[in-house]
Amino acid sequence: MATCGSVCASAETLDSVVASIGNQAITSTDVEQEYRFERFLDGEWPPSPPTAAALDGAREHLTYQLLLTHEEHPGPADIAESEKSAAKRLGALPGEYSHSEDFQRALKELGMTKTELLARIAQQDLVLHLIDERLRPAASPSDDAVAEYYHSTFVPEFQKKNAGATAPPLSEVEDGIKEVLLQKRINELLDEWIEELKPTTNVRFHSF
């Protein structure tokens with residue numbers, strides 16, 4: 001009587017570890033689910049097969065979410081705020097789909113209950129809240145930086161899109177420019193912060 005042995009073992013698909021934070025492993029299945037989750041939130045369903053770059057991006061998002069949550073030790077107020085924000089986002093999600101039936105079908109195919117989905121969104125929002133709370137105070141642009149962006153970037157782009165039109169004065173678009181520059185600086189500071197944390201938390205990426 002033939003036995004399965006090594007033939008069956010070689011046929012099994014192993015859920016490989018593709019990233020780790022200390023002793024905590026992140027598997028290829030975790031990353032693929034993160035990719036599907038992100039597409040679901042954007043209303044892009046069914047999701048297209050992920051490219052290598054898309055999987056790399058999903059792996060980074062998932063790894064850094066876990067890293068920053070562990071690093072910051074959020075308190076009850078932070079958690080409550082993220083849960084409130086998540087409930088609001090969840091309530092708006094069906095609007096990303098043409099019909100409510102499409103949303104329900106996508107949720108079923110995602111393989112998550114609404115409770116699980118709410119918890120996942122809350123986790124994502126918590127990380128965004130922690131990033132904003134820590135980095136926003138140091139990211140505020142100067143008046144000179146706002147004026148420079150207005151003259152060198154905003155006005156040329158406006159005129160390119162609106163031939164012959166006069167760009168609105170700086171005073172009317174100043175707040176929007178400040179937010180653009182602030183978010184850009186937050187992203188730069190976030191990259192620097194994560195690079196500082198990697199050695200101390202032993203963050204490692206492994207091949208898929």
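User: Let's start with the strands. How many bridges join strand β1 to strand β2, and do they run parallel or antiparallel?

Analyst: Keep in mind that this is a predicted model. Strand β1 (residues 17–21) and strand β2 (residues 24–27) are joined by four bridges, and they run antiparallel. To get the register, look at Val17, which stands opposite Thr27 in β2.

User: And what do β1 and β2 form, with how many residues between them?

Analyst: A hairpin, with two residues between the strands. Check the turn too: Gly22 sits there with a positive phi of about 60°.

User: Which residue has a positive phi although it is not a glycine?

Analyst: That's Asn202, with a phi of about 55°. You'll find Asn202 in the loop between α8 and β3. Its relative accessible area is 33%, so Asn202 counts as partly exposed.

User: While we're on the backbone, which peptide bond is cis?

Analyst: Look at the one from Trp45 to Pro46, where omega is near 0°. Pro46 belongs to the loop between α2 and α3. Hang on to Trp45, as its ring comes up again in a cluster.

User: Rings next, then. How is a pair of aromatic rings described?

Analyst: You take the distance of the centres and the angle of the planes. Searching the whole structure gives seven aromatic pairs. One of them is Tyr64 with Phe205: 6.2 Å centre to centre and 65° between the planes, which is edge-to-face.

User: Where in the chain do Tyr64 and Phe205 come from?

Analyst: From distant parts: Tyr64 is in helix α3 (residues 52–72) and Phe205 is in strand β3 (residues 203–205), 141 residues apart. Their exposure is worth reading as well. Tyr64 has a relative accessible area of 14%, so it is buried, whereas Phe205, at 31%, is partly exposed.

User: Why is the pair of Tyr97 and Phe103 called edge-to-face?

Analyst: Use the angle. The planes of Tyr97 and Phe103 are at 65°, with the ring centres 5.8 Å apart, so the pair is edge-to-face. The cut-off behind that is an angle over 60 degrees. Both of these residues are buried. Then step back to the wider group: ring pairs link Phe40, Trp45, Tyr97 and Phe103 into a cluster.

User: Which charged end sits over the ring of Phe37?

Analyst: The charged end of Arg120, 4.8 Å from the ring centre.

User: Now the pockets. How much space lies in the largest pocket, and how many residues line it?

Analyst: The largest pocket holds about 530 Å³ of space, and 20 residues line it. For a handle on where to look, pick out His61, Gln65, Leu128, Ile131 and Leu190, which lie nearest the pocket's centre.

User: Which elements give two or more residues to that lining, and which gives the most?

Analyst: The elements are α2 (28–41), α3, α6 (114–139) and α8 (170–201). Of these, α8 gives the most, with six residues. Sorted by class, the lining has nine nonpolar, five polar and six charged residues.

User: One last spot. Where does Asn162 lie, and is it buried, partly exposed or exposed?

Analyst: Asn162 lies in the loop between α7 (143–161) and α8. With a relative accessible area of 31%, Asn162 is partly exposed. For a sense of place, compare it with Tyr97: the two are 65 residues apart along the chain, and their C-alpha atoms are separated by 32 Å.

Terms used: Residues numbered from 1 in each chain as written. Predicted model: local features only at pLDDT ≥ 70, side-chain atom pairs only at ≥ 80, totals over all residues. Heavy atoms only, no water. Phe/Tyr/Trp six-rings, centres within 6.5 Å; stacked < 30°, edge-to-face > 60°. Buried < 20%, exposed > 50% of the residue type's maximum accessible area, 1.4 Å probe, protein only. Lys NZ or Arg CZ within 6 Å of the ring centre and 35° of its normal. 1 Å grid on protein atoms, 1.4 Å probe; cavity = no way out; pocket = protein on both sides within 12 Å on 5 of 7 lines; lining within 4 Å. Points joined across faces, edges and corners; volume = space filled by probe spheres on them. Nonpolar A, V, L, I, M, F, W, Y, C, P; charged D, E, K, R; others polar. Pairing = 2+ DSSP bridges.
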